[in-house]
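Reader: I should be grateful for a close look at a single part of this structure, set against the rest of the chain. Please lead me through it step by step, as one would for a student in the first year.

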Amino acid sequence: PYEGRPLEAAHFPRRIFGGQFDRRMVIFREVLAKHGVPEPLRARWLAHAAAQRDRVVVPGTPPHA
């Protein structure tokens, strides 16, 4: 289990914006596919990462269009 600082506390000073988070998700998706991670596992990792968006993205910043 993760025993580090809460995500909100760890990322607050780093100011992650909506478009940056979205770009990271694209890169993450591409890397998982490139390395042959099976689709069910990719889907779980991507869903988990996406679920963290509201915890790390600066409130009120729009997603990348």
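Author: A helix is here a DSSP run of type H or I with at least four residues, and helices are numbered from the N terminus. In that sense, Trp45 has its place in helix H3, and helix H3, together with the helix against which it packs, will be the part examined here. Please bear in mind throughout that this is a predicted model.

A brief view of the whole chain comes before the detail. The protein chain has four helices and zero strands, so that, read from the N terminus on, its elements run α-α-α-α. Its C-alpha atoms fill a box of roughly 35 × 35 × 15 Å, taken along the principal axes. Of the 65 residues in the chain, 28% are buried. Among the contacts with a separation of 6 or more, 71% join residues that are 24 or more positions apart. The accessible surface comes to about 5,100 Å², and carbon and sulfur atoms hold 63% of this surface.

We may now turn to H3 itself. This helix runs through residues 39-51. At 1.5 Å a residue, its 13 residues should span 18 Å, and the C-alpha atoms at its ends are indeed 18 Å apart, so the expected and computed spans agree. Three of its residues, Arg42, Leu46 and Ala49, are buried. These three cover an arc of only 60 degrees around the axis, and therefore they are on the same side of H3. The face turned away from that buried side carries the exposed residues Pro40, Arg44 and Ala51. What, then, do the buried residues of H3 pack against? They pack against H2 and H4.

Trp45 adds a further detail to this helix. Its relative accessible area is 46%, and it is partly exposed because this value lies between the 20% limit for buried and the 50% limit for exposed residues. When its neighbours within four places in sequence are left aside, Trp45 is in contact with Phe28 and Leu32. Phe28 and Trp45 are 17 residues apart along the chain, and their C-alpha atoms are separated by 9.2 Å. Both contact partners of Trp45 also appear in the list of buried residues of H2.

That brings us to helix H2, which covers residues 18-34. Its 17 residues should span 24 Å at 1.5 Å a residue, and its end C-alpha atoms are 24 Å apart, in agreement with that expectation. The buried residues of H2 are Gly18, Phe21, Asp22, Met25, Phe28 and Leu32. Seen down the axis of H2, these residues fall within an arc of 115 degrees, so they line one face of the helix. What covers them includes helix H3 and helix H4, the latter formed by residues 53-56. Arg23, by contrast, lies in H2 and is partly exposed, at 44% relative accessibility. The C-alpha atom of Arg23 is separated by 12 Å from that of Ala49, a residue 26 places away along the chain.

The ends of H2 also deserve attention. Just after this helix, Gly36 takes a positive phi of about 70 degrees. Before H2 comes the loop that joins it to H1, and this loop holds Arg15, Phe17 and Phe12. A general remark is useful at this point: most residues other than glycine have a negative phi. Arg15 has a phi near 45 degrees, a positive value in a residue that is not glycine. With 47% relative accessibility, Arg15 counts as partly exposed.

How exposed are the two phenylalanines of this loop? Phe12 is exposed, with a relative accessible area of 67%, while Phe17 is partly exposed, with 32%. Apart from its neighbours within four places in sequence, Phe17 is in contact with Val57, Val58 and Thr61. The C-alpha atoms of Phe17 and Leu32 are 23 Å apart, with their positions 15 residues apart along the chain. Phe12 and Gly36 are 24 residues apart in sequence, and their C-alpha atoms are 33 Å apart in space.

To return to the starting point: Trp45 of H3 is in contact with Phe28 and Leu32, and the buried residues of H3 pack against H2 and H4.

Technical notes: Residues numbered from 1 in each chain as written. Predicted model: local features only at pLDDT ≥ 70, side-chain atom pairs only at ≥ 80, totals over all residues. Heavy atoms only, no water. Helix = DSSP H or I, 4+ residues; strand = E, 2+ residues; numbered from the N terminus. Expected span 1.5 Å × (residues − 1). Buried < 20%, exposed > 50% of the residue type's maximum accessible area, 1.4 Å probe, protein only. Arc of directions from axis to C-beta. Contact = heavy atoms within 4.5 Å. Areas by Shrake-Rupley, 256 points an atom, 1.4 Å probe, with all protein chains shown as cover.
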